[in-house]
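Q: Could you take a close look at one part of this model for me? I'd like the one helix that stands out, with its surroundings, and with the cut-offs spelled out.

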Amino acid sequence: MKAFAKTIQRMFQRHIIRFISIIFIVTVSVGLISGIGTSAEKIDASLTEFYKARSVGDFVVKSTGGGFSDADMQALQDAYGAENVNAGASIDVSLQVGEREGLTRLYFLDFDAWTVNLPQSVAGKAY
């Protein structure tokens, strides 16, 4: 036991810089990991607040048969509330701007009655 204590004492005397470096690395690592762990909760909370402020919908129901009947729309409004159900039409078109061509979706909505996925005004432009 006496030899073990002597060996530990010599190790600390000869390798004090290495020991301090290891403690520093462990301290920085623990601080970094704990900081990363708390940021995920903050990001999730800020996204939740943004989604609530913009009334982002949980899902979008689309019809490939040309639209929904009035009875279908009434059933959705009865189930989820009239303020949570918005109707509109969309069409996918191929647009060419200059030499670039791309597929774009155009939405035809009644913005006065629109309550879900509210548009956001950024620098005077609606997005």
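A: Here is a walk along helix 2 and what lies around it.

First, the ground rules. This is a predicted model, where local features need pLDDT of at least 70, side-chain atom pairs count only at pLDDT 80 or more, and totals for chains, interfaces and linings use all residues. Numbering starts from 1 along each chain as its sequence is written, and side-chain values use heavy atoms, with hydrogens and water left out.

For context, the protein has 3 helices and 4 strands, where helices (H or I, at least four residues) and strands (E, at least two) are DSSP runs numbered from the N terminus. The order from the N terminus is α-α-α-β-β-β-β. Buried residues are 4% of the 127 in the protein; buried means under 20% relative accessible area, exposed over 50%, and partly exposed in between (1.4 Å probe, protein chains only). The protein exposes about 11100 Å², with carbon and sulfur atoms supplying 61% of that; accessible areas come from the Shrake-Rupley method with a 1.4 Å probe, and for residues only the protein chains shown count as cover.

Now the helix itself. Helix 2 covers residues 16-54. Its 39 residues should span 57 Å at 1.5 Å a residue, and the end C-alpha atoms are indeed 57 Å apart. The expected span here is 1.5 Å times one less than the number of residues.

At its start there's a nonpolar surface patch made of Met11, Phe12, Ile16, Ile17, Phe19, Ile20 and Ile23, with about 630 Å² of accessible area together. Patch members have over 30% relative accessible area and no salt bridge, with like charges joined within 9 Å and nonpolar side chains (Val, Leu, Ile, Met, Phe, Trp, Tyr) within 5 Å. A salt bridge, in turn, is a side-chain nitrogen of Lys or Arg within 4 Å of a carboxyl oxygen of Asp or Glu. Helix 1 (2-14) and helix 2 each supply at least two residues, but helix 2 gives the most, with 5. Ile23 belongs to helix 2 and is partly exposed, at 41% relative accessible area.

Further along, Phe50 and Tyr51 form a tilted aromatic pair, 6.2 Å centre to centre with 55° between the planes. The count for the model is 1 aromatic pair, using rings of Phe, Tyr and Trp (its six-membered ring) with centres within 6.5 Å; planes under 30 degrees apart are stacked, over 60 edge-to-face, and the rest tilted. Phe50 is partly exposed at 38%, and Tyr51 is partly exposed too, at 43%.

Just past the helix, Ser55 takes a positive phi of about 50°. Then comes the loop between helix 2 and helix 3 (70-80), which holds Val60. Val60 is exposed, at 63% relative accessibility, and its C-alpha is 9.7 Å from that of Val85, 25 residues away in sequence. Phe68 is in the loop between helix 2 and helix 3 as well, and counts as partly exposed at 36%. Leaving aside neighbours within four places in sequence, Phe68 is in contact (heavy atoms within 4.5 Å) with Val61, Lys62, Ser63 and Met73. Phe68 and Ala87 are 19 residues apart in sequence, with 9.0 Å between their C-alpha atoms.
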